[in-house]
Amino acid sequence: MNPITSPSSPPAANTTGQSFAELPLSPALLATLNQLEYHTMTPIQAASLPITLAGHDLIAQAKTGSGKTAAFALALLSKINPRYFAVQAIVLCPTRELADQVTQEIRRLARFADNIKIISLCGGSTMRPQIASLEHGAHIVVGTPGRIMDHLQRDSLKLEALNTLVLDEADRMLDMGFYDDIAYVAKQCPLERQTVMFSATYPEGITRLARHFLHNPHEVKLLEKHETTKIRQRFYEISNEQRLEAVGLLLNHYRPVSTLAFCNTKQQCRDLLAILHAQGIHALTLNGDLEQRERDQVLIQFANRSCSVLVATDVAARGLDIAQLEAVINVDVTPDPEIHIHRIGRTGRADDEGWALSLCSHAEMRRVTSIAKMMDIEPEWHALTELRNVNVTALVPPMVTLQVLGGRKEKIRAGDVLGALTGEAGFTREQVGKITVTDQSTYVAVARNIARDAVRKLTAGKVKGKTVKVRALED
Ligand code: ADP
Ligand code: MG
């Protein structure tokens, strides 16, 4: 299961959406889309699929959570020949997390033909198992540019049969210094191929990539619509001394289950985390110092609702597909109104309403003026004194994450853990939340009030016929 995405939470509702049935897709693929409850295309899918399915190169821009993965995955899947055991498509992503999300989404979509093999090749994992998977034959490779380049240089990956190259989040890959690696990979691909590039912004490097590696690309740009109807936006005037304390006041007042709090700097993330912890709020942060496993755990806990607040910078939060976000808090107002719009677009997705709360000092007023102008809104100002939370119990997340030692390597599946909890242990399906299986561990969210009992019963019982070690991921 995907640690971050939730197939049951579609992106921005689009009532006027077109049906996938209008596209030249196989009946089996259409049936899979139906099973996944993808009934209508998202705007980026409707705009790009006719182009990519016709075989053209594409450069496209759309916001996070708009369904870009399926937009390129359907095009590449429709060209895969499962009987031909060679890599026919490559997707380059900036980070392992994003590569994992993309791999999971392509796997879901590839269910219509159960013999399409998709592997993920990212840095941070050992080479040998990757080489072994490649030797077994793969149709689609998803990965980070550096690691894919390594495989090409060692000849463990061959691209003669490739027909589709996808660059996902290309601007971010450039930010991370991957230009040369991308260029290297692109040069190893056959000239006769389709190249599809997604990018949120168009810095100079993007134009350069497009000029060198795309062939007469069509361009699709979906400017962000400000769905102000679903995002309730409020600005709180504060002094700099009040700023970090104010975040806790907002949380206890609005009581959102999941909140993404944006900071402008890493230091501010650390300071805010310390203050939230002191206030008894379950908060976690993503930063570059975390090991991959720790990052996974942070994202899993946030996505399965066992952590109330994820504190992050724009860079750390980019591209994360987190469904069900009740609130976004801007700990300070960003100078760039586009970034502001991008940040608050994380809430109020699907049919839910969301809060966008911004803390603004006197010096930042000008920034709000330019945001208001760009969004064509009248900013709604509030004072901290309106937030009365005397005697309110601190915000507590509804779930707790349990870590079961044992994952894909031990052939544990989500159903095994669900079965153990609802079988012998006697819990109900409703008390069990998201289950995420990683290589070494399985993470299961359970209702907070049964957490201790669940640890005890899982430890005493068996998962897939074996005794397992289990612990709760909090004190
Ligand atoms: P992006 O790459 O644009 O940030 P994703 O491709 O990760 O967005 O998609 C966001 C979420 O929307 C995923 O959980 C995905 O399963 C879901 N999704 C994509 N297309 C559709 C669709 N047509 N209908 C319903 N849900 C969809
Ligand atoms: Mg994406």
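Two strands count as paired if DSSP finds at least two bridges between them. In this predicted model, strand β16 and strand β17 (residues 441-447) meet that criterion, since four bridges join them in the antiparallel sense. One point of register is given by Val-437, whose bridge partner in β17 is Thr-442.

This pair belongs to an open sheet of four strands, in which the order is β16-β17-β15-β18 and the pairing is antiparallel. The edges of the sheet are formed by β16 (432-437) and β18 (470-472), each of which pairs on one side only. From one strand to the next, the twist averages 20°.

Two helices accompany this sheet. Helix α16 (residues 414-422) lies across β16 and β17, and runs at about 145° to β16. Helix α17 (residues 451-460) also packs on the sheet, where it touches β15 (399-405), β17 and β18. The direction of α17 makes about 15° with that of β15.

A separate set of pairings centres on strand β1 (residues 58-61). With strand β6 (residues 194-198), β1 pairs in the parallel sense over three bridges; here Ala-60 has Phe-198 of β6 as its bridge partner. Strand β7 (residues 218-221) also runs parallel to β1, and four bridges join the two. In that pairing, the bridge partner of Leu-58 is His-218 of β7.

The side chains of β1 can be followed in turn. In a regular strand, side chains alternate between the two faces of the sheet. In β1, Leu-58 and Ala-60 point one way, whereas Ile-59 and Gln-61 point the other way. All of these residues are buried, that is, under 20% relative accessible area.

The remaining feature is a packing of two helices. Helix α5 (residues 127-136) and helix α6 (residues 145-154) pack at an angle of about 65°, and their axes are 12 Å apart. Because of this angle, α5 is roughly perpendicular to α6, a term that covers angles of 65 to 115 degrees. The crossing of α5 and α6 is right-handed. On the α5 side, the contact is made by Met-127, Gln-130, Ile-131 and Leu-134; on the α6 side, Arg-147, Asp-150, His-151 and Arg-154 take part. By class, the contact of α5 with α6 comprises three nonpolar, two polar and three charged residues.

Terms used
Residues are numbered from 1 along each chain as its sequence is written. Chains are lettered from A and ligands numbered from 1 in the order in which they are written. This is a predicted model: local features need pLDDT of at least 70, side-chain atom pairs count only at pLDDT 80 or more; totals for chains, interfaces and linings use all residues. Side-chain values use heavy atoms; hydrogens and water are left out. Axes are lines fitted to C-alpha atoms, for helices over the stretch in contact, and angles run from 0 to 180 degrees between N-to-C directions. Angles under 35 degrees count as roughly parallel, over 145 as roughly antiparallel, 65 to 115 as roughly perpendicular and the rest as oblique. A crossing is left-handed if the near helix is turned anticlockwise from the far one by less than a right angle, and right-handed if clockwise. Contact means heavy atoms within 4.5 Å. Ala, Val, Leu, Ile, Met, Phe, Trp, Tyr, Cys and Pro count as nonpolar, Asp, Glu, Lys and Arg as charged, and the others, Gly among them, as polar. Buried means under 20% relative accessible area, exposed over 50%, partly exposed in between (1.4 Å probe, protein chains only).
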